[in-house]
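Colleague: I keep stumbling over the vocabulary people use for protein models. Could you take me through one and show me where each word comes from?

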Amino acid sequence: MLLRVLSMIAINFPRLAPDSDTSASSGHGSAPVFDRAAALLGYGGDVALLSELVKIFDSNLGSRIDDLLSAIARNDLPNVMSLAHSLKGSSAFVYAMRLSALCIEIEKAARSCSSEDVAALGARLPEEAKAFRKAIAGR
């Protein structure tokens, strides 16, 4: 099972180029909150696998956002970059594309040492988590 998942990841992992225009910084943009159709395509139509991956991601999402917000509050920009980078990848892994795009913007702002931008973008994290949970619940 693990080998199957890893091979699917290598072939189908969604790519968000750091310079791509995902419109994450302009409100909610055009990136989908959760791209279920692309996720199912990416995981070979395996609904059970996708459901399990989303469940695991969601179970850790709150604590990961709390850790990132804590680093932002401490103005610990190197840690913000690392945490945002990690959350960006895991969000893309489950096709939570708007959250992933927001993390790209947070990572860029932290790399540019723009504490104000990091704080403003970070303030949107809880809203994006709520939107993701609503999307996976089908509401």
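Modeller: Sure, let's start with a cut-off: a residue is buried under 20% relative accessible area, exposed over 50%, and partly exposed in between. Keep in mind that this is a predicted model.

Colleague: Okay, then why is Ala-38 called partly exposed?

Modeller: Its relative accessible area is 25%. Partly exposed covers the range between 20% and 50%, so Ala-38 gets that label. You'll find Ala-38 in helix H2, residues 36-42.

Colleague: And what makes Tyr-95 buried?

Modeller: Tyr-95 has a relative accessible area of 6%. Buried means under 20%, so Tyr-95 is buried. It sits in the loop between H4 and H5. Tyr-95 and Ala-38 are 57 residues apart along the chain, yet their C-alpha atoms are separated by 7.4 Å.

Colleague: What is the phi of Tyr-95, and why would anyone point it out?

Modeller: Phi is about 65° there, a positive value, although Tyr-95 is not a glycine. People point it out because most residues other than glycine have a negative phi. Asn-75 is another residue with a positive phi, near 60°, and it isn't a glycine either.

Colleague: Where is Asn-75, and how do you know which accessibility class it belongs to?

Modeller: Asn-75 is in the loop between H3 and H4. Its relative accessible area is 43%. With the limits at 20% and 50%, Asn-75 is therefore partly exposed.

Colleague: Let's try the cysteines. Is Cys-103 buried or exposed, and what about Cys-113?

Modeller: Cys-103 has 0% relative accessibility, which is why it counts as buried. Cys-113 has 59%, and exposed means over 50%, so Cys-113 counts as exposed.

Colleague: How many disulfides are there?

Modeller: Zero. To count as a disulfide, a pair of cysteine sulfur atoms has to be within 2.5 Å, and the structure holds zero of those.

Colleague: Can we zoom out? How many helices and strands does the chain have?

Modeller: Seven helices and zero strands. Read along the sequence, the pattern is α-α-α-α-α-α-α. Of the 139 residues in the chain, 42% are buried. Take the contacts between residues at least 6 apart in sequence: 66% of them join residues at least 24 apart.

Colleague: Why are H4 and H5 called roughly antiparallel?

Modeller: H4 (residues 77-93) and H5 (residues 97-111) pack at an angle of about 160°, and their axes are 8 Å apart. Angles over 145 degrees count as roughly antiparallel, so that's the label for H4 and H5. Their crossing is left-handed.

Colleague: Which residues meet there?

Modeller: On the H4 side they include Leu-77, Val-80, Met-81 and Ala-84, and on the H5 side they include Met-97, Leu-99, Ser-100 and Cys-103. By class, the contact of H4 with H5 has twelve nonpolar, three polar and three charged residues.

Colleague: How do you know that H3 and H7 are roughly antiparallel too?

Modeller: You do the check again. H3 (residues 47-73) and H7 (residues 125-136) pack at about 170°, with axes 10 Å apart. The cut-off is over 145 degrees, so H3 is roughly antiparallel to H7. Among the residues making this contact are Val-54, Phe-57 and Leu-61 of H3, plus Leu-125, Pro-126 and Phe-132 of H7. The contact of H3 with H7 has eleven nonpolar, one polar and two charged residues.

Colleague: Back to Leu-99. What makes it buried, and which residues does it touch?

Modeller: Leu-99 is in helix H5. Its relative accessible area is 2%, and under 20% means buried, so Leu-99 is buried. Not counting residues up to four places away in sequence, Leu-99 touches Phe-57, Leu-61, Ser-91, Leu-125 and Glu-128. Leu-99 and Pro-32 are 67 residues apart in sequence, and 9.0 Å apart in space from C-alpha to C-alpha.

Colleague: Last one: why does Ala-101 count as buried?

Modeller: Ala-101 has 0% relative accessibility. The limit for buried is under 20%, so Ala-101 counts as buried. Ala-101 also lies in helix H5. Its C-alpha is 9.8 Å from that of Val-33, and the two residues are 68 apart in sequence.

Technical notes
Residues are numbered from 1 along each chain as its sequence is written. This is a predicted model: local features need pLDDT of at least 70, side-chain atom pairs count only at pLDDT 80 or more; totals for chains, interfaces and linings use all residues. Side-chain values use heavy atoms; hydrogens and water are left out. Buried means under 20% relative accessible area, exposed over 50%, partly exposed in between (1.4 Å probe, protein chains only). Axes are lines fitted to C-alpha atoms, for helices over the stretch in contact, and angles run from 0 to 180 degrees between N-to-C directions. Helices (H or I, at least four residues) and strands (E, at least two) are DSSP runs, numbered from the N terminus. Angles under 35 degrees count as roughly parallel, over 145 as roughly antiparallel, 65 to 115 as roughly perpendicular and the rest as oblique. A crossing is left-handed if the near helix is turned anticlockwise from the far one by less than a right angle, and right-handed if clockwise. Contact means heavy atoms within 4.5 Å. Ala, Val, Leu, Ile, Met, Phe, Trp, Tyr, Cys and Pro count as nonpolar, Asp, Glu, Lys and Arg as charged, and the others, Gly among them, as polar.
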